[in-house]
Amino acid sequence: QVQLVESGGGLVQAGGSLRLSCAASGRTFSGYTMAWFRQAPGKEREFVASISANSGSTSYADSVQDRFTISRDNAKNTMYLQMNRLKPEDTAVYFCAGRRLGVAQYSYWGQGTQVTVSS
């Protein structure tokens with residue numbers, strides 16, 4: 001089982017940058033596909049980016065492609081989301097999530113970190 005804790009959120013002006021971190025407990029972090037999701041007020045949770053267990057494969061939502069970069073350090077049991085050129089529409093609670101290899105749904109979720117981008 002994996003427990004996830006996000007950090008790094010905050011208030012930033014449009015055009016600025018933030019780096020989110022997701023710290024995972026448990027020895028099996030390196031075997032999980034990890035992802036970031038976000039949920040804006042009044043909207044459904046949406047996919048942001050994902051990264052495979054060995055960092056060999058990444059995927060991004062069209063809305064963040066070329067602005068956000070997902071990465072992980074399995075030795076530190078930590079995943080990151082570097083967010084550049086932030087826009088007001090990026091304002092949301094950001095969640096990290098994990099799923100075991102071969103499992104379709106994300107079973108493990110953090111509690112989220114707030115990102116607010118002012119115009």
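The legends below describe close-up views of a predicted model of one protein chain.

**Figure 1. Overall fold of the protein chain.**
The secondary structure comes to 11 strands and 0 helices. Read from the N terminus, the elements run β-β-β-β-β-β-β-β-β-β-β. The C-alpha trace spans about 40 × 25 × 25 Å along its principal axes. The radius of gyration is 13 Å, which agrees with the value near 14 Å for a compact globule of 119 residues. Of the 119 residues, 44% count as buried. The accessible surface comes to about 6,300 Å², and carbon and sulfur atoms hold 45% of this surface. Among contacts with a sequence separation of 6 or more, 54% join residues 24 or more positions apart.

**Figure 2. The open sheet S1-S3-S8-S7.**
This view shows an open sheet of 4 strands in the order S1-S3-S8-S7, with antiparallel pairing. Its edge strands are S1 (3-7) and S7 (68-73), each of which pairs on one side only. From one strand to the next, the twist averages 15°. Within the sheet, strand S3 (residues 18-25) and strand S8 (residues 78-83) pair in the antiparallel sense over 6 bridges. In this pairing, cysteine 22 stands opposite methionine 79 in S8.

**Figure 3. The disulfide of cysteine 22 and cysteine 96.**
By the distance rule applied to cysteine sulfur atoms, the count comes to 1 disulfide. The disulfide joins cysteine 22 to cysteine 96, with an S to S distance of 2.2 Å. The link is right-handed, with 60° about the S-S bond. Cysteine 22 lies in strand S3 and cysteine 96 in strand S9 (residues 92-100), so the pair ties together parts that are 74 residues apart in sequence. Both cysteine 22 and cysteine 96 are buried. Cysteine 22 also has a place in the sheet of Figure 2, where this residue stands opposite methionine 79.

**Figure 4. Strand S4 between its partners S9 and S5.**
Of the 8 residues of strand S4 (residues 32-39), 7 are buried, so this strand is largely enclosed by the rest of the structure. S4 pairs with S9 in the antiparallel sense over 8 bridges. Arginine 38 has tyrosine 94 in S9 as its bridge partner. S4 also pairs with strand S5 (residues 46-51), again in the antiparallel sense, over 5 bridges. Here alanine 35 stands opposite serine 50 in S5. The hairpin of S4 and S5 has 6 residues between the strands, and in this hairpin glycine 42 takes a positive phi near 75°.

**Figure 5. Strand S11 and its pairing with S2 and S9.**
Strand S11 (residues 113-118) has two faces that differ in cover: Thr113, Val115 and Val117 form the covered face, while Gln114, Thr116 and Ser118 form the uncovered one. Strand S2 (residues 10-13) pairs with S11 in the parallel sense over 4 bridges. In that pairing, glycine 10 stands opposite valine 115. S9 pairs with S11 in the antiparallel sense over 3 bridges. Valine 115 appears in this pairing too, as the bridge partner of alanine 92. Valine 115 belongs to the covered face of S11.

**Figure 6. Surroundings of valine 64.**
Valine 64 has its place in the loop between strand S6 (58-60) and S7. Its relative accessibility is 0%, and valine 64 therefore counts as buried. The cut-off for a buried residue is under 20% relative accessible area. Leaving aside residues up to four places away in sequence, valine 64 touches Arg38 and Val48. Arg38 also takes part in the pairing of Figure 4, as the bridge partner of tyrosine 94. Valine 64 and methionine 83 are 19 residues apart in sequence, and their C-alpha atoms are 8.5 Å apart in space.

Note on methods
Residues numbered from 1 in each chain as written. Predicted model: local features only at pLDDT ≥ 70, side-chain atom pairs only at ≥ 80, totals over all residues. Heavy atoms only, no water. Pairing = 2+ DSSP bridges. Axes fitted to C-alpha atoms, helices over the stretch in contact; angles between N-to-C directions. Rg over C-alpha atoms; globule rule 2.2 N^0.38 Å. Buried < 20%, exposed > 50% of the residue type's maximum accessible area, 1.4 Å probe, protein only. Contact = heavy atoms within 4.5 Å. Areas by Shrake-Rupley, 256 points an atom, 1.4 Å probe, with all protein chains shown as cover. Disulfide = S-S within 2.5 Å.
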